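Reader: I am new to this structure and would be grateful for a close look at a single part of it. Please set that part in the context of the whole before turning to its details.

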Amino acid sequence: MKTILTRTVPLILVFLYSTISMAAMVVAVIDTGLDRMGFPEASLWTNAGEVGVDSKGRDKRTNGVDDDGNGFIDDVHGFNFAENKADFSDSNGHGTHIAGIIRRQSPETHLMILKYYAPHKPHENLKNTAR
């Protein structure tokens, strides 16, 4: 398994941990989000509690319910703390850039996207960082 050591830009924190098998590594990218273009679903971490079908036959990914009980609705591949929703689209580009660097250095890595920054909520960004 590769170890990634990097000087990080102050806006990003990277938390690394390995699964029991050490076959796949998950990197939580706490940044401005992710532009999904160029990142296949297989490259993203998947929350097992938010996939499949619920008791009403609805897709758990989009049913508007916190199926795994962790307090975040439809957090399949991560969460947008800046706007308290599952859509972590990157309007800034920084998070996407960082995620690309991580995947380039470690292609087997699965990315957990945790968006904390929204340009239209500048006073909320610091609070979301600690959330």
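Author: What follows begins with the model as a whole and then turns to the loop between strand 2 and strand 3, with Lys60 at the centre of the account.

The model is predicted. Its mean pLDDT is 81, and 74% of the residues reach 70 or more. Over residues 1-22, however, the pLDDT is below 50, and this stretch has 35 contacts in the model beyond near neighbours in sequence.

The protein contains two helices and four strands. Read from the N terminus, these elements follow the order β-β-β-α-β-α. Of the 131 residues in the protein, 36% are buried. The surface that the protein exposes amounts to about 7,700 Å², and carbon and sulfur atoms supply 58% of that area. Many contacts span long stretches of sequence: among those between residues at least 6 apart, 59% join residues at least 24 apart.

The loop of interest lies between strand 2, which covers residues 25-31, and strand 3, which covers residues 78-80. Strand 2 itself is mostly covered, with six of its seven residues buried. One residue of strand 2 is Val26, which counts as buried because its relative accessibility is 5%. The C-alpha atoms of Val26 and Thr109 are 5.7 Å apart in space, although 83 residues separate the two in sequence. Strand 2 also pairs with strand 4, residues 110-115, in the parallel sense over six bridges. Within this pairing, Ala28 has Met112 of strand 4 as its bridge partner.

Attention now passes to Lys60, which is found in the loop between strand 2 and strand 3. Lys60 is buried, yet it has no salt bridge. Its nearest side chain of opposite charge belongs to Asp67, at 5.3 Å. A salt bridge requires a side-chain nitrogen of Lys or Arg within 4 Å of a carboxyl oxygen of Asp or Glu, and the distance of 5.3 Å to Asp67 does not satisfy that cut-off. Leaving aside residues up to four places away in sequence, Lys60 touches Gly49, Glu50, Val51, Gly52, Val53, Asp54, Asp67 and Asp74.

Side chains of opposite charge can pair when their charged atoms come close. A search of the whole structure finds two salt bridges. One of them joins Glu41 to Arg61, and the closest N and O atoms of this pair are 2.6 Å apart. Both Glu41 and Arg61 lie in the loop between strand 2 and strand 3, so their salt bridge ties together parts that are 20 residues apart in sequence. Glu41 counts as partly exposed because its relative accessibility is 37%. Arg61 is likewise partly exposed, with a relative accessibility of 30%.

The other salt bridge is formed by Arg58 and Asp54, whose closest N and O atoms are 2.9 Å apart. Arg58 counts as partly exposed, at 34% relative accessibility, whereas Asp54 counts as buried, at 12%. Asp54 is also one of the residues that Lys60 touches. Thus Asp54 has a salt bridge with Arg58 and a contact with Lys60, while Lys60 is itself buried without any salt bridge.

Note on methods. Residues numbered from 1 in each chain as written. Predicted model: local features only at pLDDT ≥ 70, side-chain atom pairs only at ≥ 80, totals over all residues. Heavy atoms only, no water. pLDDT = per-residue confidence, 0-100. Contact = heavy atoms within 4.5 Å. Buried < 20%, exposed > 50% of the residue type's maximum accessible area, 1.4 Å probe, protein only. Lys, Arg positive; Asp, Glu negative; His and termini not counted. Pairing = 2+ DSSP bridges. Areas by Shrake-Rupley, 256 points an atom, 1.4 Å probe, with all protein chains shown as cover.
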